Amino acid sequence: MEASVILPILKKKLAFLSGGKDRRSGLILTIPLCLEQTNMDELSVTLDYLLSIPSEKCKARGFTVIVDGRKSQWNVVKTVVLMLQNVVPAEVSLVCVVKPDEFWDKKVTHFCFWKEKDRLGFEVILVSANKLTRYIEPCQLTEDFGGSLTYDHMDWLNKRLVFEKFTKESTSLLDELALINNGSDKGNQQEKERSVDLNFLPSVDPETVLQTGHELLSELQQRRFNGSEGGVSWSPMDDELLAQPQVMKLLDSLREQYTRYQEVCRQRSKRTQLEEIQQKVLQVVNWLEGPGSEQLRAQWGIGDSIRASQALQQKHEEIESQHSEWFAVYVELNQQIAALLNAGDEEDLVELKSLQQQLSDVCYRQASQLEFRQNLLQAALEFHGVAQDLSQQLDGLLGMLCVDVAPADGASIQQTLKLLEEKLKSVDVGLQGLREKGQGLLDQISNQASWAYGKDVTIENKENVDHIQGVMEDMQLRKQRCEDMVDVRRLKMLQMVQLFKCEEDAAQAVEWLSELLDALLKTHIRLGDDAQETKVLLEKHRKFVDVAQSTYDYGRQLLQATVVLCQSLRCTSRSSGETLPRLNRVWKQFTVASEERVHRLEMAIAFHSNAEKILQDCPEEPEAINDEEQFDEIEAVGKSLLDRLTVPVVYPDGTEQYFGSPSDMASTAEHIRDRMKLVSLKRQQLRHPEMMTAES
């Protein structure tokens, strides 16, 4: 029985030999029952197959059967045990039924195996999994029963299939090889050839069968010496130890017959190769020296454009394709000749070497010419490709130079100028690359005369050289014209950048002047609490006016520069109609507001100075204080200053603007009124000294 016939049944793992042994060195047969109903017929087939593997000597030591009933029902376990009586009664010495921990106690009382020992022919014990080690060493038990023995059922099954397949194939192959080899030794030459022809190819590949046998033998020997170490998934069993000599014997017989078979094939092949080689060598040499060389002689040009070079390349590829067919024949012939030379038959050595030398000389010469032509066309294609790219770059640069520059701002001009420089640099790089490609192509053309396909190519080469030099000179002239135009455009664009910068700075000057005016009106509102502070404010205001004057002058200078640049560029400046009127208008407004600020500060200085003289406790000139005109003057200046605080600044265009907010002006006015009250009180005290005495 072969495993391949019952493979679906064996895959179910209804029973297996793990390789473990009991304390009497008998094999352990394990029957793992499951929750599903076990097919007894399939189990019987499995047991028959497994029991056919061990040797008679191994069977004589008896089997220990482990029936794993932890996942099965009692009636199934009982059926399996009774079945063992019919399947392997003589070989079974002990049956261990692994029971679950708590379910069978009552049912077992109805059937005691130990009472049936005489009838069954073997001893049956019920045992828990954790107590199975009382009968079997832990190292001989698989992990399912708490042991350390490793067993892989699918691995065992696969190796068993390999062994049986090898045995079957090797036996069949030995018969076929013996028939072929024996047939070649009988009769005359015609009978030998006819016999070999009829049985020349075996039904299976001998090399494959030998490889399979060596791998199988290596696996069996490794398990024998290493046991379960080195990653082996299961332990060696007697069936493996018995298989080794059988495999070795088959391998020895196969090697012997296969060696004889190879010699028969070699002799026959040699007889036919000698005749074929001579004929094929003659065919290859005649074609390469005839039509092949003529095809190359007709090709000499390099084309005047990419398309023309590509067409020549395509034509050359067709020629190469035809040559490659004959080169393939050359390679095959050279290998055949080398094989025959290695065989060492002296009668054919001289002729074979002569054929090999003649064939190699012709093929290498033709291959060199093909390679040279291919390299020349590739160099020409690259040259024309670089020339076309450079021409497109020059066209793009010229188109960019022919378009009038009308950018919106300085940033766009800078971007355009940068792009222009990049394009010019790219043209320089492209022209340098064209010169390098052209010089390389010229060097290759100059070397063409060294072999020249057997004819004079001076005229054809001169045409190619003139074309290459003409392309490079034309590109150089076009590049020089573009450089001249770039210089003019660069100067113009730099002037435009300067123009935009002046316009932007002039607009910025207007903004700064507007900000100064706004700051003057909103923050420069205090008139000081005394004469000294007011003088400090007046000095700061004059410096503030100087800053505004510098800003105005800077804006005027920028606008004058824009006029000069516009005249040079022959364009109209936007500043002439917008920025200059704005600058003049803001400056006039600032001037009016500044003058008003100066008048108020000067009035405040006069008011505070006179008031401070009056209000001093010990005046140096008492007679001056008694002057009524001085009091009247202080009062008049104070009222005039108060009136001026309520009057807005009137610009030349009729618009009005107040200093600060109403609350700011009210605070300033309140301080002036308080000072006027103090002066008035001082005046009354001086008029009526008795009031001052009475108060004191």
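These legends go with close-up views of aromatic contacts in a predicted model.

**View 1. Y330 and Y364, an edge-to-face pair.** Searching the whole structure turns up seven aromatic pairs. In the one formed by Y330 and Y364, the ring centres sit 6.4 Å apart, with 75 degrees between the planes. That angle is over 60 degrees, so the pair counts as edge-to-face. Y330 belongs to helix α11 (residues 306–343) and Y364 to helix α12 (residues 346–402), so the contact ties together parts that are 34 residues apart in sequence. As for exposure, Y330 is buried at a relative accessible area of 10%, whereas Y364 is exposed at 57%.

**View 2. Y552 and W587, a stacked pair.** Here the centres are 4.8 Å apart and the planes meet at 10 degrees, so the rings are stacked. This pair, too, links distant parts of the chain: Y552 comes from helix α15 (residues 531–569) and W587 from helix α16 (residues 579–615), 35 residues apart. Y552 is buried, with a relative accessible area of 13%. W587 is buried as well, with a value of 14%; both residues fall under the 20% cut-off, which is why they get that label.

**View 3. The cluster around the stacked pair.** Zoom out a bit from Y552 and W587 and you can add F544 and F590: ring pairs link these four residues into a cluster.

**View 4. K13 and F16, a charge over a ring.** Last stop is a contact between a lysine and a phenylalanine. K13 lies over the face of F16, 4.9 Å from the ring centre.

Methods: Residues are numbered from 1 along each chain as its sequence is written. This is a predicted model: local features need pLDDT of at least 70, side-chain atom pairs count only at pLDDT 80 or more; totals for chains, interfaces and linings use all residues. Side-chain values use heavy atoms; hydrogens and water are left out. Rings of Phe, Tyr and Trp (its six-membered ring) pair if their centres lie within 6.5 Å; planes under 30 degrees apart count as stacked, over 60 as edge-to-face and the rest as tilted. Helices (H or I, at least four residues) and strands (E, at least two) are DSSP runs, numbered from the N terminus. Buried means under 20% relative accessible area, exposed over 50%, partly exposed in between (1.4 Å probe, protein chains only). A charge sits over a ring if NZ of Lys or CZ of Arg is within 6 Å of the ring centre and within 35 degrees of the ring normal.
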